[in-house]
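Trainee: Please choose a single part of this structure and take me through it closely, from strand to loop. I would be grateful for each term to be explained as it arises.

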Amino acid sequence: MSSTPDGTPTDEPVPFTADDYRARMARAAESAADAGLAGLLVAPGPDLVYLTGYRPTAITERLTVLVLAAGQEPVLVVPTLEAPDAERSAGAAALTLRDWTDGKDPYAVTAPLLDAGGRFGISDNAWAMHLLGLQQLLPGTSYVSLTEALPMLRGVKDAHELARIAAAGAAADRAYGEILEVRFEGRKETDVAADLAALLLRFGHSQVDFTVVGSGPNGANPHHEAGDRTIERGDMVVLDFGGLKHGYGSDTTRTVHVGEPTDEERRVHDLVREAQQAGFEAVRPGVACQDVDRAARKVIADAGYGEYFIHRTGHGIGVTTHEPPYMIEGEELPVVPGMCFSIEPGIYLPGRFGVRIEDIVTATEDGGARRFNNTPHEMAIVE
């Protein structure tokens with residue numbers, strides 16, 4: 001984060017510069033070449049924001065696409081009416097803008113930038129009509145999704161990105177600290193969810209992506225959407241919430257209890273806490289992502305609850321709250337310093353209750369791991 005002239009830290013992030021975006025685009029083009037691709041086609045969405053700093057005010061049927069290829073200057077093709085906004089983006093100085101006007105063929109503008117027989121990586125969220133329009137002009141081209149071709153395009157964060165994720169995590173932690181003071185019993189899940197959303201915004205989030213409040217049996221659904229159920233004394237309540245601050249994500253989960261829990265509820269919560277710690281301790285550069293999943297899952301399986309841990313142990317986070325890498329069996333991608341991802345094991349007992357504990361973590365250069373969420377893992381008792 002930035003500081004004042006006298007060195008006092010502030011909550012404002014260090015701005016990304018045109019040089020930062022130039023370096024990102026160059027790395028992406030080189031990675032594409034290393035993967036045997038002729039280049040990359042990047043549509044509006046998180047990849048375009050990450051690579052150029054440009055976020056169109058509206059995503060419409062008009063073609064906008066960034067063309068990257070090793071050995072050639074990056075080119076952003078944009079509708080003429082949106083060119084002024086693109087020119088003001090932080091990365092504009094690092095690329096060439098090529099605009100097209102309504103009534104003209106945007107694919108005819110884009111096609112000369114592409115190898116007519118090349119294979120290209122293309123954004124997962126690109127519109128089918130745009131891909132088909134290019135294929136019609138260039139039938140010799142082929143395409144593969146960016147997530148498949150370059151899953152780690154945004155996966156390793158630099159120091160300024162890590163600072164933004166840390167700030168987002170700290171804000172989510174503050175929201176959790178505040179939510180423990182509100183009334184749970186007798187209120188609807190949606191009421192508590194609204195409180196969480198307001199707290200995230202109060203502590204600097206520009207966007208709230210989710211506020212899961214799963215009380216009692218609803219907690220056994222990992223992605224339960226807060227509903228009209230009235231929270232009762234004796235309920236376990238799963239709180240999973242996050243969004244974007246300074247353009248980077250937060251995502252944390254804690255499970256609280258309304259009044260005193262039963263011995264079984266404490267035992268299950270302690271087991272999930274142990275599993276979360278085991279996953280964290282497995283994080284170090286060079287281990288496979290699946291090993292983080294295995295470490296957390298083994299704790300739960302050995303205790304006889306394996307069938308009730310029904311999702312992966314974690315997912316990456318950055319300019320979106322869910323992105324590669326994924327901590328799941330079969331993912332042999334090695335952990336490297338700067339990767340940021342969740343560790344969130346859970347146990348879900350159908351019709352009864354659920355428990356999940358989640359932190360965002362990163363692997364560090366010194367061979368260990370760092371948490372971006374630092375609120376207590378012990379079960380909090382709420383009223």
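Mentor: What follows is an account of one strand and a loop beyond it, and then of a hairpin elsewhere in the chain.

This is a predicted model, in which local features need pLDDT of at least 70 and side-chain atom pairs count only at pLDDT 80 or more, while totals for chains, interfaces and linings use all residues. Residues are numbered from 1 along each chain as its sequence is written, and side-chain values use heavy atoms, with hydrogens and water left out.

We begin with Val361, which lies in strand β16 (residues 359-363); strands are DSSP runs of E of at least two residues, numbered from the N terminus. Val361 counts as buried because its relative accessibility is 0%; buried means under 20% relative accessible area, exposed over 50%, and partly exposed in between, with a 1.4 Å probe and protein chains only. Beyond its neighbours within four places in sequence, Val361 is in contact (heavy atoms within 4.5 Å) with Phe280, Val283, Met339, Cys340, Phe341, Ile343, Arg370, Arg371 and Phe372. Of these partners, consider Arg371: it is 10 residues from Val361 along the chain, yet their C-alpha atoms are separated by 4.4 Å.

Arg371 also leads us to His377, since His377 has Arg371 among its contacts. His377 sits in the loop between β17 (369-371) and β18 (380-382). With a relative accessibility of 13%, His377 counts as buried. Its other contacts, again without neighbours within four places, are Arg254, His269, Arg273, Gln276, Ile357 and Asp359. With Asp359 there is also a side-chain polar contact of 2.7 Å. A polar contact is a pair of N or O atoms within 3.5 Å; within protein, one must be able to donate a hydrogen and the other to accept it, and residues adjacent in sequence count only if both atoms are side-chain atoms.

The hairpin makes a useful companion. Strand β11 (residues 314-316) runs antiparallel to β12 and is joined to it by 3 bridges; two strands pair if DSSP finds at least two bridges between them. The hairpin passes from β11 to β12 through 6 residues, and His315 has Tyr326 as its bridge partner in β12. Strand β12 (residues 323-327) is largely enclosed by the rest of the structure, because 4 of its 5 residues are buried. Pro325 has its place in β12, and the peptide bond from Pro324 to Pro325 is cis, with omega near 5 degrees. Most peptide bonds are trans.
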